[in-house]
Each structure stands twice: as C-alpha cells, then as structure tokens.
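The following note sets out points for a colleague who is examining this entry. Please read each point with the sequence and the coordinates at hand.

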Amino acid sequence: MLRPAERAEVPFREVFEAHAAYVWTTLRRLGVEERDVEDVTHETFVKIAAHLAEYDPSRPIRAWLFVFALRQARDYKRLARRRHEVVGALDTEETAAQLPGPDDVVAARETHALVAEALACLDWDKRAVFVACELEELPVAEVAESLGVSRNTAASRLRLARAEFTKAVRRLAKRREQR
C-alpha cells in the first residue's frame with residue numbers, strides 16, 4: 001500500500017464530475033428510493049471527499065466508489081426513512097411534449113419495479129456482489145478486493161445471486177401475469 005506522500009493527488013471535483021452518475025445509478029440499484037437518491041448521493045460524496053487522500057490511483061476507482069455507495073445504501077436501508085413526495089404540474093406544454101408516451105412509461109415502470117423487487121429478494125451480501133458485477137460490470141476480483149472477501153467467496157455469492165435473482169424474476173412475473 002502506498003503511503004500518502006507517494007500518492008498522486010486526485011482532485012475531488014474531477015472524481016465527482018466523472019462518477020456522480022455512476023454513484024447515483026449504483027445507489028438506485030442498491031435500493032435507495034428515487035426521491036432520496038440525490039441526498040444519498042451527496043452524502044456518499046461527502047464520505048468520499050473525507051477519504052479521497054486514501055485512494056490509490058493505481059487501483060480502479062469504480063470499485064472503490066462502489067464500497068462507499070454500498071455503505072451509504074446500507075445505512076439508508078437501516079434508517080428506513082420515508083418522505084411524502086408532492087407532485088407538481090408540468091411547467092410548459094413543451095416539457096409535456098418531450099415526455100415519453102403513457103405506454104412507454106408504464107412498461108418502464110413495471111420493468112423497473114420487477115427488477116427492484118427481485119433485487120430486494122437477495123440478501124445484502126449477494127445483492128452487493130450482483131449489483132457490482134452484473135449491473136455495474138465490475139470484475140469479480142475487484143469487487144472481492146473492495147468488499148474484503150476472497151475471490152472465491154465473491155464468485156460464489158455472484159453465482160447464488162444470479163440463480164436467486166432469476167428465480168425471483170420468474171416468480172414475480174408469473175404473479176403479475178395472474179393479476
């Protein structure tokens with residue numbers, strides 16, 4: 001491990017601008033509600049800023065950022081905070097014309113809800129590895145190192161998560177068809 005004096009400085013602004021969307025998406029995939037994802041993303045970057053001097057630039061940054069997102073999502077789920085959202089009217093007709101059609105919105109919401117529900121069926125350890133490897137496309141070796149588990153453990157969790165996720169999607173889709 002490099003000592004702080006041997007590390008190149010990584011500017012926070014560059015990290016934020018380059019990876020904010022990645023952290024946002026990761027948090028959503030880890031179960032942070034849409035209405036809270038902006039706040040949790042900011043909280044995540046506050047933690048990242050506090051630890052940025054510890055980052056080793058010779059290592060992939062996405063796996064390092066994933067661990068911060070994972071911790072924040074876990075804290076978010078533990079707190080189980082919920083707020084009521086107030087939905088306002090559209091500002092202009094132009095904004096309304098740019099929106100997707102109702103069928104597209106319904107289909108996208110149903111797909112998103114199905115995936116979110118299936119992910120929620122996975123225990124936390126399997127979900128973390130599944131999201132990192134399958135959805136964020138991080139290599140198993142990086143994920144294992146970032147999570148502090150062996151490569152075999154990460155691979156096993158991923159294999160089990162894939163099977164459980166597939167089973168959950170089939171079960172949930174069948175249940176929805178019966179409605």
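1. Aromatic pairs. Rings of Phe, Tyr and Trp, the last by its six-membered ring, are taken to pair if their centres lie within 6.5 Å, and planes over 60 degrees apart make the pair edge-to-face. The model under review is a predicted one. A search of the whole structure returns six aromatic pairs.

2. The pair F12 and F45. These two rings meet edge-to-face, with 6.1 Å from centre to centre and 75° between the planes. F12 belongs to helix α1 (residues 12-29) and F45 to helix α2 (residues 34-51), so the pair ties together parts that are 33 residues apart in sequence. The two partners may be described separately as to burial: F12 has 33% relative accessibility and therefore counts as partly exposed. F45 has 2% relative accessibility and therefore counts as buried.

3. The pair W64 and F68. Here too the geometry is edge-to-face, at 4.7 Å centre to centre and with 65° between the planes. Both W64 and F68 are located in helix α3 (residues 61-79), where a separation of four residues corresponds to about one turn of the helix. W64 and F68 are both buried. F68 has a further partner in R71, which lies over the face of the F68 ring at 6.0 Å from the ring centre.

4. The ring cluster. Which residues do ring pairs link into a cluster? They are F12, F16 and F45. Two of these, F12 and F45, form the edge-to-face pair described in point 2.

5. The surroundings of H19. This histidine is found in helix α1. Is H19 buried or exposed? Its relative accessibility is 13%, and residues under 20% are classed as buried, so H19 counts as buried. When neighbours within four places in sequence are left aside, H19 is in contact with F45, I61, R62 and L65. F45, one of these contacts, lies in helix α2.

6. The packing of α6 against α7. The axes of helix α6 (residues 124-135) and helix α7 (residues 140-147) come within 10 Å and cross at roughly 145°. The crossing of α6 and α7 is right-handed. On the α6 side the contact is made by V129, A132 and C133, and on the α7 side by V140, V143 and L147. By class, the residues of this contact comprise six nonpolar, no polar and no charged.

7. The backbone at E137. Although E137 is not a glycine, it has a positive phi of about 60°. E137 is placed in the loop between α6 and α7, the two helices whose contact is described in point 6. The side of burial can also be stated: E137 has 66% relative accessibility and so counts as exposed.

8. The chain as a whole. What does the secondary structure of the chain come to? The chain has eight helices and zero strands, and along the sequence it follows the pattern α-α-α-α-α-α-α-α. Of its 179 residues, 32% count as buried. Among contacts between residues at least 6 apart in sequence, 73% join residues at least 24 apart. The pair of F12 and F45, whose parts are 33 residues apart in sequence, may be inspected alongside that figure.

Key
Residues numbered from 1 in each chain as written. Predicted model: local features only at pLDDT ≥ 70, side-chain atom pairs only at ≥ 80, totals over all residues. Heavy atoms only, no water. Phe/Tyr/Trp six-rings, centres within 6.5 Å; stacked < 30°, edge-to-face > 60°. Buried < 20%, exposed > 50% of the residue type's maximum accessible area, 1.4 Å probe, protein only. Lys NZ or Arg CZ within 6 Å of the ring centre and 35° of its normal. Axes fitted to C-alpha atoms, helices over the stretch in contact; angles between N-to-C directions. Left-handed = near helix turned anticlockwise from the far one by under 90°. Contact = heavy atoms within 4.5 Å. Nonpolar A, V, L, I, M, F, W, Y, C, P; charged D, E, K, R; others polar.
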